[in-house]
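Reader: I'm new to reading protein structures, and I'd like a close look at one part of this one. Could you walk me through how a helix sits against its surroundings, and then lead me outward from there?

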Amino acid sequence: MAQYNAAAVIPVDAVCRDFFSHLTPQQFMRKANAGEIDLPITRIEQSQKAAVGVHLLDLADWIDKRREAARKENDQMHGRR
């Protein structure tokens with residue numbers, strides 16, 4: 001929360017800058033909408049031109065899942081259970 005000044009919804013541009021720097025916001029949106037990136041996109045209104053972002057809790061869950069996958073991979077490489 002501190003990283004994003006307690007904002008509930010993080011703009012897609014900021015999510016890309018901080019976690020998907022290899023993607024443009026348009027590429028990120030395309031991958032998220034296609035299910036290639038498991039992060040729900042929050043649209044503030046129904047309009048196609050409305051602001052879009054990722055809810056802070058969804059982003060936190062995604063980070064936690066990525067961390068757990070990395071821990072499992074690391075434990076397998078080092079023979080831990």
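Author: What follows starts at one helix, moves into the core and ends with the charged pairs and two unusual backbone spots. Keep in mind that this is a predicted model.

Let's start with helix H1, which covers residues 12-19, and helix H2, which covers residues 25-33. Two packed helices are described by the angle between their axes and the distance between the axes. Here the angle is about 95 degrees, and the axes of H1 and H2 are 9 Å apart. Angles of 65 to 115 degrees count as roughly perpendicular, so H1 is roughly perpendicular to H2. On the H1 side, the contact is made by Val12, Asp13, Val15 and Cys16. On the H2 side, Pro25, Phe28 and Met29 take part. Sort the residues of this contact by type and you get six nonpolar, no polar and one charged.

Now, which residues of H1 are buried? They are Val12, Ala14, Val15 and Cys16. What do these buried residues pack against? Their partners are strand E1 (9-11), H2 and E3.

Cysteine 16 is a good one to zoom in on. This residue sits in helix H1, and its relative accessible area is 3%. Buried means under 20%, so cysteine 16 counts as buried. If you skip residues up to four places away in sequence, cysteine 16 touches Ser21, Leu23, Thr24, Pro25 and Phe28. Pro25 and Phe28 should ring a bell, as both belong to the H2 side of the helix contact. You can also check a backbone distance here: cysteine 16 and glutamine 26 are ten residues apart along the chain, and their C-alpha atoms are separated by 9.7 Å.

From H1, hop over to strand E3 (residues 52-55), where you'll find valine 54. Valine 54 is buried, and its relative accessible area is 0%. Leaving out neighbours within four places in sequence, the residues in contact with valine 54 are Ala8, Val9, Ile10, Val15, Phe28, Leu39, Pro40, Ile41 and Leu59. Look at Val15 in that list: this residue is also one of the buried residues of H1. Phe28 turns up again too, having already appeared in the contact between H1 and H2. Threonine 42 is worth finding as well: valine 54 and threonine 42 are twelve residues apart in sequence, yet 5.6 Å apart in space, C-alpha to C-alpha.

That brings us to the largest nonpolar core, which has 16 residues. Which of them touch the most other members? The answer is Ile10, Phe20, Phe28, Leu39 and Leu59. H1, H2 and helix H3 (56-77) each supply at least two residues of this core. The largest share, four residues, comes from H1. To follow one of these well-connected members, pick leucine 59. Beyond its neighbours within four places in sequence, leucine 59 is in contact with Tyr4, Ile10, Phe19, Leu39 and Val54.

Next up are the charged pairs. Side chains of opposite charge can pair when their charged atoms come close. The count of salt bridges in this model comes to three. One joins the side chains of arginine 17 and aspartate 18, at 3.0 Å from N to O. Arginine 17 is exposed at 56% relative accessible area, whereas aspartate 18 is partly exposed at 28%. Another pairs glutamate 36 with lysine 31, at 3.4 Å from N to O. Glutamate 36 is exposed, with 56% relative accessibility, while lysine 31 is partly exposed, with 31%. There is also a salt bridge between lysine 65 and aspartate 38, at 4.0 Å from N to O. This pair links distant parts of the chain: lysine 65 is in helix H3, aspartate 38 is in the loop between H2 and strand E2 (42-43), and they are 27 residues apart. Both lysine 65 and aspartate 38 are exposed.

Finally, look at the backbone before E1. Most residues other than glycine have a negative phi, and most peptide bonds are trans. Asparagine 5 has a positive phi of about 55 degrees, although it is not a glycine. This residue is in the segment before E1, and it is exposed, with a relative accessible area of 71%. Alanine 6 also has a positive phi, near 65 degrees, and lies in the segment before E1.

Technical notes
Residues numbered from 1 in each chain as written. Predicted model: local features only at pLDDT ≥ 70, side-chain atom pairs only at ≥ 80, totals over all residues. Heavy atoms only, no water. Axes fitted to C-alpha atoms, helices over the stretch in contact; angles between N-to-C directions. Parallel < 35°, antiparallel > 145°, perpendicular 65-115°, else oblique. Contact = heavy atoms within 4.5 Å. Nonpolar A, V, L, I, M, F, W, Y, C, P; charged D, E, K, R; others polar. Buried < 20%, exposed > 50% of the residue type's maximum accessible area, 1.4 Å probe, protein only. Core = buried A, V, L, I, M, F, W, Y, C linked by side-chain atoms within 4.5 Å.
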